[in-house]
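The following dialogue concerns how to read disulfides, burial and nonpolar cores in a structure.

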Amino acid sequence: MTESHDHAHELVNVPDDAVVNDLYANPGIPEHQWRPTDVDPKAEKRAERQVAALFGLSALCTILLLVSYFVFDIGDDPDVVGGLGASNLFLGLSLAGALLFLGIGIIQWARKLMADHEIVEDRHPAASSTEDREATIAALNAGLEESGIGRRPLVRNSLLGAVGLLGLPAVVLLRDLGPTPNQVKNSGDYPGAGIEHTLWKKGMRVVRDVVGTPIRPGDLEIGDLVNAEPEAIFNGGADGEPLEGVALQIGKSKGAVVVVRMEPDEITPGKGRENWSVDGIVCYSKICTHVGCPISLYERTTHHLLCPCHQSTFDLADSAKVVFGPAARPLPQLPLEVDDEGYLVASDAFDEPVGPSFWERG
Ligand code: FES
């Protein structure tokens, strides 16, 4: 035997299989307990009848299902259980009953009547053989010995320090998950930053996207849709300059709106929104409340605005309520009025955050 092999036995004590077997003796199987149905013929007959009764109930439910199908038309009595309808209700209940009683019957059959054997299945030992374990430990110890880690505390401690420090970046980098949306760094540089705010405020003109020209109500025909921005995009920088860089990106991406004109009597104003439109002109955030795609696919006869990303559809005549798709809430509406010079302006800011609704919003 080599020197390092001897050393392995000094460092690690490997118990052999005989010692393990002595320490954990086989406890054996407790005495078998017979079930009442194994020893009492009356109990056995009773269990048999129970199981048959359960199968009978299942069959009854299946017949009920077939009868319900022919007796109730879809749409019959739609007021049943909050609009479920009689047909749905009876089909669902009878199918559930048929499967439930069948399942319970099979379980009772297995538990009470099927043969009651105890089966022993020996497990194969999970541990490696003693020789393999000794060889592995020897190799490990030889490696430790040759590396000299025990004899060189300077190397060992500096290694432990270096590895320990590696954990710190993981903690520090968590900061890069970012400020919460309402704590934008230097938010004074970015007007309208944060989740609760946009550039819109009372008196801010609604201007055309890209060109920035203000809009008079008379400029829009019935059925028109105009992509628009808050005027501050074009004059909200220092000295009345257009916004630039990050400030422009933030202001534009959150303040984008669509302005639509329809017949005034086609609008169903939401509660408290009776004066939010001007001559049938309504204005909504252009940012889809699903995951934030910009929307402007408008269908003038239905007043529906369709998001191209996942087909959420909003009814602009009815407070932009969701009529289809995955969006969870209507598009925020911007209240409009006309200023002294006859141009469309916001009569207030949005009264809720724009954009995706995965944030919990009050
Ligand atoms: S982003 Fe509009 S439907 Fe998904």
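The turns below take up these features one by one.

Q: What kind of model is this, and how are residues numbered?
A: This is a predicted model, in which local features need pLDDT of at least 70, side-chain atom pairs count only at pLDDT 80 or more, and totals for chains, interfaces and linings use all residues. Residues are numbered from 1 along each chain as its sequence is written, and side-chain values use heavy atoms, leaving out hydrogens and water.

Q: How many disulfides does a search of the whole structure find?
A: A disulfide is a covalent bond between the sulfur atoms of two cysteines. The criterion here is a pair of cysteine sulfur atoms within 2.5 Å. The search finds one, joining Cys293 to Cys309 with an S to S distance of 1.9 Å. The torsion about their S-S bond is about -95°, so this disulfide is left-handed.

Q: Is Cys293 buried or exposed?
A: Buried means under 20% relative accessible area, exposed over 50%, and partly exposed in between (1.4 Å probe, protein chains only). Cys293, at 16%, counts as buried, whereas Cys309, at 33%, is partly exposed. Cys283 is buried at 0%, and Cys288 is buried at 1%.

Q: Which residues have the most contacts inside the largest nonpolar core?
A: A nonpolar core is a set of buried Ala, Val, Leu, Ile, Met, Phe, Trp, Tyr and Cys residues joined through side-chain atoms within 4.5 Å. The largest has 22 residues, and those with the most contacts inside it are Trp200, Val206, Ile215, Val259, Leu336 and Leu344. A second, separate core of 18 residues includes Tyr284, Ile295, Leu305 and Phe314.
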